[in-house]
Amino acid sequence: MKETFCRLSILRNVIRLLLKNLDVCGNTVLQKAIYLVQYLGGIDLGYEYSYHRCGPYSFDLAQDLAIGEALGYWQKKVERISSPACDYLFYRYDAQEGGAEVDVENSKYWGEIEECLTKILEPIQEKNARKFELIATVFYLQEQGIEGKELQSVFRLLKPKYSEEELKEGIGTLKKIKNSISPERENKM
Amino acid sequence: MNSEPFQRLRRIRQLAFSEFVYPGAGHSRFEHSLGVMHLVTKVFDRMREKRNVRDLLESSEGLGYDLSMWDCARATLRIAALVHDLGHMPFSHAGEIEWEDSCGRKNKIKHEFFTYSIVRKYLPEILDNHPENASLNINADDIANFLEGKIINQRLTKLRPWRELLVGEFDCDRMDYLLRDSYHLGVDYGRFDLERVTSSLTLVRHPDRGDIIFALEEDGLLAIESLILARYYMYKQVYFHKVRRYLDRVYGDLLPKIVTKHFGHVDFASNLEKYLDFDDWVVNCYLKELASEGDRDAKKLIRRECWKVIYEITSITELNKLTEAKSILKEKGIESLLDSFENQRTHKFQQSEIMVVEQNKEIKPLKEASEIVTKLPEIIFVGRLYVSGKDRKRILNERLLQNFYDTSNQETKR
């Protein structure tokens with residue numbers, strides 16, 4: 001149980017940090033940010049990911065997000081985006097003060113996550129769900145060994161609403177993130 | 001089906017110790033796996049007949065399905081459904097406890113991990129020489145990756161939407177276990193209109209992202225509501241039943257002892273043969289042996305001697321009360337067993353992600369289409385504190401937990 005509270009306290013900090021940099025912190029941003037922290041940053045938060053609908057997704061994390069909301073760690077509000085091009089609902093998370101507090105703020109563990117997340121956020125120009133989805137999906141495909149032209153065609157099948165330009169920009173941004181998180185690894189590649 | 005890993009499923013009970021509450025619950029993962037294969041085939045064939053689904057998958061703007069891709073998708077889905085539970089521990093989910101690996105790290109055993117490993121190790125021999133696979137060219141890695149939700153090539157990208165029939169809001173795994181469990185247990189909570197649900201499923205493009213997802217045609221809305229409610233009621237009434245949960249916990253605590261007796265020190269992740277040798281029959285033998293040696297927990301399982309619930313919460317927000325109650329009992333020298341973190345989400349996906357296609361072809365989230373579903377709690381939760389019958393009498397006589405009952409109105413329950 002203590003471990004769960006610890007995870008929830010970390011997630012609350014992640015939400016706070018994201019909200020300093022983004023207008024909206026929703027499910028997609030959270031799912032993809034944690035994915036990048038775990039698999040690009042190498043910091044294991046214990047969430048297993050597989051590919052679902054809009055990219056790498058963790059059911060365990062979705063479960064924690066629901067538990068954290070029920071315990072008062074954060075609040076989730078549903079909002080509607082409506083335009084001629086699209087009409088859908090999304091969730092907006094706001095950190096709250098409820099839930100059992102585990103002091104992770106001053107731990108080395110949180111320090112590493114904060115540093116990693118800051119490095120992930122820095123090169124992303126438009127910090128929104130669409131960009132997080134793009135970067136996390138490209139990284140996911142690269143991790144599966146899909147590169148070059150195959151990456152382009154697989155990505156097109158998965159995400160027809162992204163343009164070639166966006167994909168190119170996403171690959172470039174990901175490269176910058178990789179360089180800033182682990183320059184040694186990137187230079188070797 | 002004649003392979004050793006699949007036949008082992010005959011010896012893995014679907015509902016662990018539910019049989020001690022509902023005597024009919026002796027069914028196994030074997031028939032469930034067959035049932036899931038039957039249902040995915042039924043849904044797949046029905047969807048293939050739908051013009052909008054064919055247009056979406058066959059067009060070049062879609063996934064470019066041709067005849068061989070349709071056949072490949074059908075066969076992949078059927079095989080994946082058949083093998084999706086191969087990795088279960090004895091007594092299914094009751095055996096999914098924390099386990100120490102060869103490096104001394106503690107990890108929770110997850111049956112999915114063993115399923116993928118078993119598929120990768122045992123399926124090549126079967127698939128590679130199967131005459132019906134000559135034209136399909138499906139390999140074991142494809143099946144494991146499909147189950148695991150991995151996309152490593154174009155074929156798996158094209159197969160991706162079908163995975164939601166195994167891991168999704170309307171998945172056939174869920175449809176089968178709800179109906180099968182209801183039938184065997186003799187309860188009605190898990191029933192829903194299967195025909196209507198299976199004929200109402202369709203594929204659409206997500207209105208914003210453009211990816212192909214499963215959705216529900218509006219005329220199946222009531223049937224889907226009843227499926228979601230059925231799952232909710234089954235968790236409340238059957239899967240989280242107090243006796244079953246208690247026996248599951250006792251079994252979980254005993255399991256390392258049983259494994260050590262049978263195998264010595266073993267790391268199942270690197271020894272699949274031993275894992276496959278481990279089933280309900282083995283566990284039952286050792287339970288009897290341990291009970292005859294005087295093991296208190298083994299005796300409880302053999303004789304169905306259950307501790308009693310002394311305090312129960314149904315909202316996760318009351319979690320601290322449960323731990324407080326345990327501390328009070330500990331101070332008085334009373335041993336208790338806490339079962340506090342069993343929870344399930346009502347939905348697999350966020351409600352905003354579950355789409356309904358209206359008569360006018362507009363796509364709407366379930367959250368807006370169904371008032372009933374929206375009102376269900378997102379987490380199905382129960383937490384309990386168990387004590388022996390003797391201690392329960394003492395706690396009630398001395399009113400040791402009186403403050404807790406007063407605030408949660410549990411006095412009447414007792």
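Good morning, colleagues. I shall begin with a single cysteine: C72 of chain B is buried, with a relative accessible area of 3%. Please keep in mind that what we are viewing is a predicted model.

What is the cysteine sulfur closest to that of C72(B), and how far away is it? It belongs to C172(B), at 18 Å, which is too far for a bond. Across all chains, the structure holds zero disulfides.

Let me turn to the aromatic residues. Counted over all chains, there are 32 aromatic pairs. One of them is formed by Y177(B) and Y239(B): the ring centres lie 6.0 Å apart and the planes stand at 75°, so this pair is edge-to-face. The two tyrosines come from distant parts of the chain, 62 residues apart, with Y177(B) in helix α8, residues 172–185, and Y239(B) in helix α10, residues 221–239. Both Y177(B) and Y239(B) are buried.

Another pair is made by F263(B) and F278(B), whose centres are 5.5 Å apart and whose planes meet at 80°, so this pair too is edge-to-face. Here F263(B) belongs to helix α11, residues 242–263, whereas F278(B) sits in the loop between α12 and α13, 15 residues away. F263(B) counts as buried at 13% relative accessibility, and F278(B) counts as buried at 0%. These two phenylalanines belong to a wider group: ring pairs link F113(B), F114(B), F263(B), F268(B), Y275(B) and F278(B) into a cluster.

We remain with helix α11 of chain B for one more residue, L247(B). Is L247(B) buried or exposed? It is buried, with a relative accessible area of 0%. Leaving out residues up to four places away in sequence, L247(B) touches F17(B), F20(B), K300(B), L301(B) and C306(B). By contrast, the C-alpha atom of L322(B), 75 residues away along the chain, is separated from that of L247(B) by 19 Å.

Next, a histidine. H27(B) is placed in the loop between α1 and α2 of chain B, and it is buried, with a relative accessible area of 2%. Which side chain does that of H27(B) join through a polar contact of 2.7 Å? The partner is D181(B). Beyond its neighbours within four places in sequence, H27(B) is in contact with R13(B), Q14(B) and L15(B), and also with R180(B), D181(B), H184(B) and L185(B).

Helix α2 of chain B spans residues 29–48. At its start, a side-chain oxygen of S28(B) comes to within 3.2 Å of the backbone nitrogen of F30(B). The helix has 20 residues, which at 1.5 Å a residue should span 28 Å, and its end C-alpha atoms are indeed 28 Å apart.

Chain A has a helix α2 of its own, at residues 27–39, with 13 residues. From first C-alpha to last it reaches 18 Å, close to the 18 Å expected at 1.5 Å a residue. Of its 13 residues, 11 are buried, so this helix is largely enclosed by the rest of the structure. Among the buried ones are N27(A), V29(A), L30(A), Q31(A) and K32(A); A33(A), I34(A), Y35(A), L36(A), V37(A) and Q38(A) are buried as well.

I now move to a strand. In β9 of chain B, residues 379–387, nine of the nine residues are buried, so the strand is largely enclosed by the rest of the structure. In a regular strand the side chains alternate between the two faces of the sheet. In β9(B), I379(B), F381(B), G383(B), L385(B) and V387(B) point one way, while I380(B), V382(B), R384(B) and Y386(B) point the other way. How many bridges join β5(B) to β9(B)? There are five, and the two strands run antiparallel. Opposite G383(B) in β9(B) stands I313(B).

Finally, I draw your attention to two backbone details. N137(B) has a positive phi of about 60° although it is not a glycine. This asparagine lies in the loop between α5 and α6 of chain B and is exposed, with a relative accessible area of 56%. R399(B), also a residue other than glycine, has a positive phi near 50°. Its place is in the loop between α18 and α19 of chain B, and at 51% relative accessibility R399(B) counts as exposed.

Thank you for your attention.

Technical notes: Residues numbered from 1 in each chain as written. Chains lettered and ligands numbered in written order. Predicted model: local features only at pLDDT ≥ 70, side-chain atom pairs only at ≥ 80, totals over all residues. Heavy atoms only, no water. Helix = DSSP H or I, 4+ residues; strand = E, 2+ residues; numbered from the N terminus. Expected span 1.5 Å × (residues − 1). Buried < 20%, exposed > 50% of the residue type's maximum accessible area, 1.4 Å probe, protein only. Polar contact = N/O pair within 3.5 Å; in protein donor to acceptor, adjacent residues only side chain to side chain. Contact = heavy atoms within 4.5 Å. Pairing = 2+ DSSP bridges. Disulfide = S-S within 2.5 Å. Phe/Tyr/Trp six-rings, centres within 6.5 Å; stacked < 30°, edge-to-face > 60°.
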